[in-house]
Amino acid sequence: MTRRVGLNAMWLVPGVVGGSEEYTTRLLNAIVSDPPSDVDLTLFVNSSFPDAYPELVDRFRTEVAPISGHRKALRVGAETSWLGMRTRHLGLDLVHHMGGILPAWRPAPCILTIHDLQPLVLPEHFAAPKRIFNRFTVPRSVRAARLIVTLTEYTKADLTARLGTAPDRIVVVPPGFGRGNGGDDVEITPGGHVRATYALGDHPFFVFPAITYPHKNHLMLLRAFSDLHRQHPDVLLVLTSGESQMEEDVTDAIVRFGLTRHVRRLGRIPEAHLTALYREAVALTFPSRYEGFGLPVLEAMAAGCPVLASDSTALPETVGGAGLLLDPTRPSAWTDAMAHVLTDAASRSALVAAGFARIERFDWHASAGLQIDVYRRAIRD
């Protein structure tokens, strides 16, 4: 008997929601590349989504909500009203809410993906209205969902410790690597082209792809890099991705540390360009203080880029011994580690080999299979 499942991605505003966008879209790609015969899927998105992900809209049965998603109040209202009405009209057996909260009106049983508990762990990083909203809605959503999906055992344990969620209600569906349709089939831009495009010349450089959220820890990395630059004047730091709360502070710090000509701010760039940057970089520097997974770690490893990452939250689980783990509060440790991989070719080669071995454990098709099994279990229960 075929069951009807809705996938709520109305919260996913392209270029705004960070790593959860990459996880969600790549998991969707993997699911639709080998769709289950016993589960009929309908994808619900906002009006900003189709232009960013036309291939997903074409491959799924897709319904576009009459909102852009940029105004959270309107989106939350549409999830409760428009999505609720569509759920009832279509006779859905289950709805997977992929963005961390459930709407108030839920005509069908639900499961919920929790990427992390940062809104509860670091509430100071959110404006007062969002803090109050999260403090109420996240625990309520977790209690109401039939099953919870997390990306890591770390977040699973955090849910149990903070919210008392029974471990048998939580299923870990880890990311894979690549685009989610069987491997990394992105056409790779030649290294020389990205070096020319972004004025990198033949300089050695480190790369950090992260929106300027407070927890991403850009300021600590800039301090560490300024000390490295005094030792190695030729080295560059490449920062990619979008802007958020810390944007002005990051800009000011670059000037204050005298790094204007040595830090490249590239903004959001094509995936093929980022992969080429990984391949050309000395290493990925990923000093984030809080992660539910840390997908750039896998992306870097898959491209043969050594990884320097924080020893906090889920990152040790993601890195799995295949990178250097460092205290995100100690700039000197990052300066020393960057200098080490910059000057020690043997260490870099060992990290590259360890990274290639590590990514063999992550496969999008396996993740998609786990996710479909969650749908079957939730419907059966």
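The charged side chains of this predicted model comprise 39 positive and 40 negative groups, and the centres of the two sets lie 7 Å apart. Side chains of opposite charge can pair when their charged atoms come close. In this structure such pairing yields 16 salt bridges. Several of them are followed below, after a description of the fold that carries them.

The protein is built from 17 helices and 13 strands. Its radius of gyration is 21 Å, close to the 21 Å that the globule rule gives for 381 residues, so the protein is as compact as a globular protein of that length. The C-alpha trace spans about 65 × 40 × 35 Å along the principal axes. Of the 381 residues, 56% count as buried. Among contacts with a separation of 6 or more, 69% are accounted for by residues 24 or more positions apart. The accessible surface comes to about 15,400 Å², and carbon and sulfur atoms contribute 52% of that area.

Individual salt bridges show how charged groups connect segments of the chain. Asp38 pairs with Arg376, with 2.8 Å between the closest N and O atoms. Asp38 lies in the loop between α1 (19-33) and β2 (39-45), whereas Arg376 belongs to helix α17 (residues 364-380), so this salt bridge ties together parts that are 338 residues apart in sequence. Asp38 has a relative accessibility of 26% and therefore counts as partly exposed. Arg376, at 31% relative accessibility, is likewise classed as partly exposed.

A second salt bridge joins Arg61 to Asp40, at an N to O distance of 3.0 Å. Because Arg61 lies in strand β3 (residues 61-64) and Asp40 in strand β2, the pair ties together parts 21 residues apart in sequence. Arg61 counts as partly exposed at 43% relative accessibility, and Asp40 is also partly exposed, with a relative accessible area of 23%.

Strand β3 also contains Glu63, which is linked to Arg86 in helix α5 (residues 82-90), 23 residues apart. The closest N and O atoms of this salt bridge are 2.7 Å apart. The two partners fall on opposite sides of the 20% limit below which a residue is called buried. Arg86 has a relative accessibility of 22% and so counts as partly exposed, while Glu63, at 16%, counts as buried.

Beyond these pairs, Glu22, Arg26, Glu271 and Glu299 are joined into one network by salt bridges that share partners.

Definitions and conventions. Residues numbered from 1 in each chain as written. Predicted model: local features only at pLDDT ≥ 70, side-chain atom pairs only at ≥ 80, totals over all residues. Heavy atoms only, no water. Helix = DSSP H or I, 4+ residues; strand = E, 2+ residues; numbered from the N terminus. Rg over C-alpha atoms; globule rule 2.2 N^0.38 Å. Buried < 20%, exposed > 50% of the residue type's maximum accessible area, 1.4 Å probe, protein only. Contact = heavy atoms within 4.5 Å. Areas by Shrake-Rupley, 256 points an atom, 1.4 Å probe, with all protein chains shown as cover. Lys, Arg positive; Asp, Glu negative; His and termini not counted. Charge placed at Lys NZ, Arg CZ, Asp CG, Glu CD. Salt bridge = Lys/Arg side-chain N within 4 Å of Asp/Glu carboxyl O.
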